[in-house]
Amino acid sequence: MSHHLRKKTPEGFELIEDELDRFDMEMREAERDPHDGKRMVEALWPIHKIHYQKSRYVFDMFYKKKLIDKKVYDFCIKYKIIDAALVAKWKKQGYETLCSLTAIQTRDTTHGTTNMCRVPLSKRRVDGIRPSQTTGCISCCSGDGGPIWWDGQQEAEEKVAESKGKRPAEDDEEASEAAAVEDRAKRLRGEGSSFLPPPGGV
């Protein structure tokens, strides 16, 4: 924040000033990161995350914790300290933990759909848990406790496994068992099999 803007801050702003400075410092570091070995989109993931966290911090301080008053909150909106359009979405049902406006901009996707992070974890397989290429968010659906970012991959997989009542590794085990049962059924019916029959027939 510029020195000129600091002189305009309302009373009570000092309660959040240090934390906002910390977010600004993290953002500068993310923007200066050399991104060695990363794809271009992956280099932007930390920026999306910090942008979300900064706005969410002020939003929660006003609406949930009620530790700042409306003058401080409106000041943050007016001077673009937080993302006004994003926090406006958080007030709407179904968008309470939206990671970024980019996630719901269908014009930027190949098939004109929202980002995959808008699909509830309960409707995905464990092997389908991966970050959005655009934002790095795995899930920001209401009810998933998100946003869950790329660095929370294990947390997301555990949530999916829990919703399905099994451990992540059990998906592959079940698929293998199902294939074996189906193969045996085919052999019993005299159909083709991907396995060789045991010596002496079935």
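A salt bridge is a side-chain nitrogen of Lys or Arg within 4 Å of a carboxyl oxygen of Asp or Glu. The exercises below apply to a predicted model.

**Exercise 1. Test the pair R22 and E26 against the salt-bridge cut-off, then place both residues in the fold.**

Step 1. Take the N to O distance between the two side chains: 2.5 Å.
Step 2. Compare with the cut-off, which is within 4 Å. The side chains of R22 and E26 meet in a salt bridge.
Step 3. Locate the residues. Both sit in helix 2, four residues apart, about one turn of the helix.
Step 4. Check exposure. Partly exposed covers the range between under 20% (buried) and over 50% (exposed). R22, at 32% relative accessible area, is partly exposed. E26, at 24%, is partly exposed too.

**Exercise 2. Find which parts of the chain the salt bridge between D24 and K54 ties together, and decide whether the two residues are buried or exposed.**

Step 1. Confirm the pair. The side chains of D24 and K54 meet at 2.6 Å, N to O.
Step 2. Assign elements. D24 belongs to helix 2 and K54 to helix 3, so the bridge ties together parts 30 residues apart in sequence.
Step 3. Apply the cut-off for buried, under 20%. D24 has a relative accessible area of 15% and is buried. K54 also counts as buried, at 15%.

**Exercise 3. Repeat the analysis for K49 and D151, and set the pair beside the other salt bridges.**

Step 1. Read the distance. The closest N and O atoms of K49 and D151 are 2.7 Å apart, and the two form a salt bridge.
Step 2. Assign elements. K49 is in helix 3, while D151 is in the loop between strand 2 (148-149) and helix 6 (153-163), so the pair ties together parts 102 residues apart in sequence.
Step 3. Classify K49. Its relative accessibility is 17%, which counts as buried.
Step 4. Widen the view. The structure holds nine salt bridges. R6, E17 and D21 are linked in a network of them.

**Exercise 4. Describe the largest pocket: its volume, its lining and the helices that supply it.**

Step 1. State the volume: about 250 Å³.
Step 2. Count the lining. There are 16 residues, with D24, K54, K80, I81 and I82 nearest the centre.
Step 3. Sort the lining by type. Nine residues are nonpolar, two polar and five charged.
Step 4. Trace the sources. Helix 2 (14-32) and helix 3 (40-63) each supply at least two lining residues. Helix 2 gives the most, with five.
Step 5. Link back to Exercise 2. D24 and K54, among the residues nearest the pocket centre, are joined by a salt bridge.
Step 6. Look at K80. This residue lies in the loop between helix 4 and helix 5. K80 is exposed, with a relative accessible area of 71%. Its phi is positive, about 55°, although K80 is not a glycine.

**Exercise 5. Map the largest nonpolar core and list the contacts of V58.**

Step 1. Size the core. It has 31 residues, and F13, I16 and V58 have the most contacts inside it.
Step 2. Assign elements. Helix 2, helix 3, helix 4 (70-78) and helix 5 (84-90) each supply at least two residues of this core. Helix 3 provides the largest share, seven residues.
Step 3. List the contacts of V58, leaving aside neighbours within four places in sequence: I16, L20, I68, Y73, C76 and I82.
Step 4. Look beyond this core. A second, separate core has seven residues, including L121, I129, I148 and A156.

**Exercise 6. Inspect the backbone at K66 and at the bond from G146 to P147, then check the spacing of E42 and Q133.**

Step 1. Read phi at K66. The value is near 55°, positive in a residue other than glycine.
Step 2. Place K66. It lies in the loop between helix 3 and helix 4, and is exposed, with a relative accessible area of 62%.
Step 3. Read omega from G146 to P147. Omega is near 0°, and the peptide bond is cis. P147 lies in the loop between strand 1 (137-139) and strand 2.
Step 4. Compare sequence and space for E42 and Q133. They are 91 residues apart in sequence and 7.3 Å apart in space, C-alpha to C-alpha.
Step 5. Place E42. It is found in helix 3. E42 is partly exposed, with a relative accessible area of 22%.

Technical notes. Residues numbered from 1 in each chain as written. Predicted model: local features only at pLDDT ≥ 70, side-chain atom pairs only at ≥ 80, totals over all residues. Heavy atoms only, no water. 1 Å grid on protein atoms, 1.4 Å probe; cavity = no way out; pocket = protein on both sides within 12 Å on 5 of 7 lines; lining within 4 Å. Points joined across faces, edges and corners; volume = space filled by probe spheres on them. Nonpolar A, V, L, I, M, F, W, Y, C, P; charged D, E, K, R; others polar. Core = buried A, V, L, I, M, F, W, Y, C linked by side-chain atoms within 4.5 Å. Buried < 20%, exposed > 50% of the residue type's maximum accessible area, 1.4 Å probe, protein only. Contact = heavy atoms within 4.5 Å.
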